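Here are some comments on the model, set out as numbered points. They take up a helix pair and then a sheet.

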Amino acid sequence: MLLSTSLRLLYPAISFSSLLKLKSSTPRCFRLQEPMVGSGSAMDTSSCTLVLCGKSSVENEIAESLKKNDTIKLSENSDLSVFMKSEVDKLYKQEEKSFDLELYMNCLSTLRFGRLLIWSPLITSTHDVVSSNFSDLPIGTVCVADRQYKGRGRSKNVWESPVGCLLFSFTVQMEDGRAVPLLQYVVSLAVTEAIKEVCEKNGLPYIDARIKWPNDIYLNGLKVGGILCTSTYRSKKFNISAGIGLNVDNDKPTTCLNAFLRDMSPAACCLTREEIVASFFNKFEKLYDLFINQGFGPLEELYCGTWLHSGQRVIIQENNKDQVMVSVVTVQGLTSSGYLLAMGDDNHMYELHPDGNSFDFFKGLIRRKLQ
């Protein structure tokens, strides 16, 4: 039996005016070119390049096998070229803004997650890569892209993401279906903890990145990132593709992490995507092990200390025959199923569910009284 579900959402909603065109130059080399930009310009998506890199010889052997057997496929009909990092190092000088594979691996200290990396300069979506090839990739494999033009969001929205955004997706496998919806909270928490850790290690000002329920990352009231988790159920296990989009170094249309740092300390060095994603996996692996072994309980205090909603007053509108009843509840935390726990003015506890129709999760909430 195969069951597909969408847990929730979002890559940052960021548009951009100039795009890189990816073309193959020879069967074993590639280059990036700037296209003509104008009202009639379009992105050349007829070709895609993937570069494989492992943390150790074990992962590199797996990568070699994937390449040799032509295992990795894309959902769209495009020419796919797959290289090992060693091949690219000999043939191609990385552009300054490309993801630095070596820096990432040097910062990574995990035992499972993030150790096999797939990088692309331009791709439809990192999420598509890991979800389409899930059964052929080791659990914990990550795909990172410099740019993507069909990123996935809530209600099948499509996001275009420029250079400066950290875009990555990775694979997780779980057995307990009741815990699957809570995974997005573990991922969100690992993102905020990674940002704080990288700032501390580099002697940078503290960045108070916060979580907006259920899975957006906010900074000073502005969204800078989001999480998307999707799952399929097969052979009594949930195969989960977790995707993260984080605006690190592109201050349009709202803000980014480095713009915030520059405002606080003009002389501060910039955060790098490589350090953040490596720190994310270092954090996530520890949080995930705690989550799997002990449940979300040990993480809930840290999560609720990071999100924006403790004590938040929420107005609930409910239809009662021909009348609209208005009530106010106060957010207390999370229920065991991962929804909002709230207390009404009647001192009863309620579980709040989004109605699925509103872009803002705090509009159109449905409340269910708890015993």
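1. The crossing of helices H5 and H8 is left-handed; please keep in mind throughout that this is a predicted model. H5 covers residues 183-201 and H8 covers residues 297-304, and the two pack at an angle of about 50° with their axes 11 Å apart. That angle makes H5 oblique to H8, because an angle counts as oblique when it falls outside the ranges for roughly parallel (under 35 degrees), roughly perpendicular (65 to 115) and roughly antiparallel (over 145).

2. As for the residues that make up this contact, H5 contributes Tyr185, Val186, Leu189 and Glu193, which meet Leu299, Leu302 and Tyr303 of H8. Sorted by class, the residues of the contact between H5 and H8 comprise six nonpolar and one charged, with no polar residue among them.

3. Turning to the sheet, five strands are arranged in the order S14-S15-S16-S17-S18, and they form an open sheet whose pairing is antiparallel. Its edges are strand S14 (313-320) and strand S18 (365-369), each of which pairs on one side only. From one strand to the next, the twist averages 45°.

4. The pairing at the S14 edge can be described in further detail. S14 runs antiparallel to strand S15, which spans residues 323-334, and eight bridges join the two. Which residue in S15 is the bridge partner of Asn319? The partner is Val324, and a reader who wishes to inspect the pairing of S14 with S15 in the model may take Asn319 and Val324 as one bridge to look at.

Key:
Residues are numbered from 1 along each chain as its sequence is written. This is a predicted model: local features need pLDDT of at least 70, side-chain atom pairs count only at pLDDT 80 or more; totals for chains, interfaces and linings use all residues. Side-chain values use heavy atoms; hydrogens and water are left out. Axes are lines fitted to C-alpha atoms, for helices over the stretch in contact, and angles run from 0 to 180 degrees between N-to-C directions. Helices (H or I, at least four residues) and strands (E, at least two) are DSSP runs, numbered from the N terminus. A crossing is left-handed if the near helix is turned anticlockwise from the far one by less than a right angle, and right-handed if clockwise. Contact means heavy atoms within 4.5 Å. Ala, Val, Leu, Ile, Met, Phe, Trp, Tyr, Cys and Pro count as nonpolar, Asp, Glu, Lys and Arg as charged, and the others, Gly among them, as polar. Two strands pair if DSSP finds at least two bridges between them.
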